[in-house]
Amino acid sequence: MEKEIMDAMAMKRALTRITYEIIERNKGVDEIVLIGIKTRGVYLARRIADRLKQLEGIDIPVGELDIAAYRDDIHDIKAHERTVDQNLIELDLEGKKVILVDDVLFTGRTIRAAMDAVMDVARPSQIALAVLVDRGHRELPIRADFVGKNIPTAQNEKINVFVNEIDDEDLVSLGKK
């Protein structure tokens, strides 16, 4: 049985709060690039960029990142065989403040892979992390800079994030694996 954690309005509030925190901590939005981690992180990054445009009047570049080639649980892919998303290569990341955006932060392995992919393309001045949900259980020393909601979970539980763009609803739920 799934338990609803955040409805559409709560998700919107969380993303708005993250947006304001991004502006405050960066003293504006100059030199910021958002990179959404596929799949749902891309849609969340676009929403944050839209809100930043409403508040600051500036179009923030938004990239998409598929970290599949950088996952540490796929041993068939060697480091020299990695290919980075063309979308990431086309972004100007050199010296920029990159904010990775994902739906759920769990072990930290996805974020480590995303940082590897970014660093293979350019050397940003800073990499930060924005997540809608931080559920704990880190395996790596990674923490989010911007968090919509902390939801402590058990190992046998799963956070499900649904976004209107692909799931026809905005919702975060907690269920069993």
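**Figure 1. Strand S2 is covered on both faces in this predicted model**. On one side, Ile32, Leu34 and Gly36 are buried. On the other side, Val33, Ile35 and Ile37 are buried too. In a regular strand, side chains point alternately to one face of the sheet and to the other. S2 spans residues 32-37, and 6 of its 6 residues are buried, so the rest of the structure largely encloses this strand.

**Figure 2. S2 pairs with S4 and with S3**. Strand S4 covers residues 97-105 and runs parallel to S2, joined to S2 by 5 bridges. Two residue pairs mark this pairing. Leucine 34 has isoleucine 99 of S4 as its bridge partner. Valine 33 stands opposite valine 98 in S4. Strand S3 covers residues 62-65 and pairs with S2 over 4 bridges, again in the parallel sense. Here leucine 34 is bridged to valine 62 of S3. The chain leaves S2, passes through helix H2 (residues 40-56) and arrives at S3; this β-α-β crossover is right-handed.

**Figure 3. Five strands make an open, parallel sheet**. In what order do the 5 strands of this open sheet lie? The order is S3-S2-S4-S5-S6. S3 and strand S6 (146-150) are the edge strands, each pairing on one side only. Average rotation between neighbouring strands is 25°, direction ignored. Helix H2 packs on this sheet and touches S2, S3, S4 and strand S5 (126-134). The direction of H2 makes about 150° with that of S2. Helix H4 lies across S2, S3, S4 and S5. H4 runs at about 155° to S4.

**Figure 4. Helix H4 has its buried residues on one face**. H4 comprises residues 109-121, 13 residues in total. From first C-alpha to last, H4 reaches 19 Å, close to the 18 Å expected at 1.5 Å a residue. Which residues of H4 are buried? They are Ile111, Ala113, Ala114, Ala117 and Val118. Viewed down the axis of H4, these buried residues fall within an arc of 160°, so they line one face of the helix. An α-helix has 3.6 residues a turn, so residues three or four places apart point the same way.

**Figure 5. Isoleucine 142 sits in the loop between S5 and S6**. Is isoleucine 142 buried or exposed? The cut-off for buried is under 20% relative accessible area. Isoleucine 142 has 15% relative accessibility, so this residue counts as buried. Its contacts, leaving aside neighbours within four places in sequence, are Gly108, Ile111, Arg112, Met115 and Leu129. Among these, Ile111 is also one of the buried residues of H4. The C-alpha atoms of isoleucine 142 and leucine 129 are 9.2 Å apart in space, and the two residues are 13 residues apart in sequence.

**Figure 6. Three strands make an open, antiparallel sheet**. The order is S1-S8-S7. Strand S1 (3-6) and strand S7 (157-162) are the edge strands; each pairs on one side only. From one strand to the next, the twist averages 30°. Helix H1 (residues 8-26) lies across S1, S7 and S8. H1 runs at about 30° to S1.

**Figure 7. Strand S8 pairs with S1 and with S7**. S8 covers residues 171-176 and pairs with S1 in the antiparallel sense over 3 bridges. Within this pairing, lysine 3 has leucine 174 of S8 as its bridge partner. How many bridges join S7 to S8? There are 6, and these two strands run antiparallel. In one of the pairs, asparagine 160 is bridged to serine 173 of S8. Of the 6 residues of S8, 5 are buried, so S8 is largely enclosed by the rest of the structure.

Conventions:
Residues numbered from 1 in each chain as written. Predicted model: local features only at pLDDT ≥ 70, side-chain atom pairs only at ≥ 80, totals over all residues. Heavy atoms only, no water. Buried < 20%, exposed > 50% of the residue type's maximum accessible area, 1.4 Å probe, protein only. Pairing = 2+ DSSP bridges. Right-handed = clockwise from strand over helix to strand, strands pointing away. Axes fitted to C-alpha atoms, helices over the stretch in contact; angles between N-to-C directions. Contact = heavy atoms within 4.5 Å. Expected span 1.5 Å × (residues − 1). Arc of directions from axis to C-beta.
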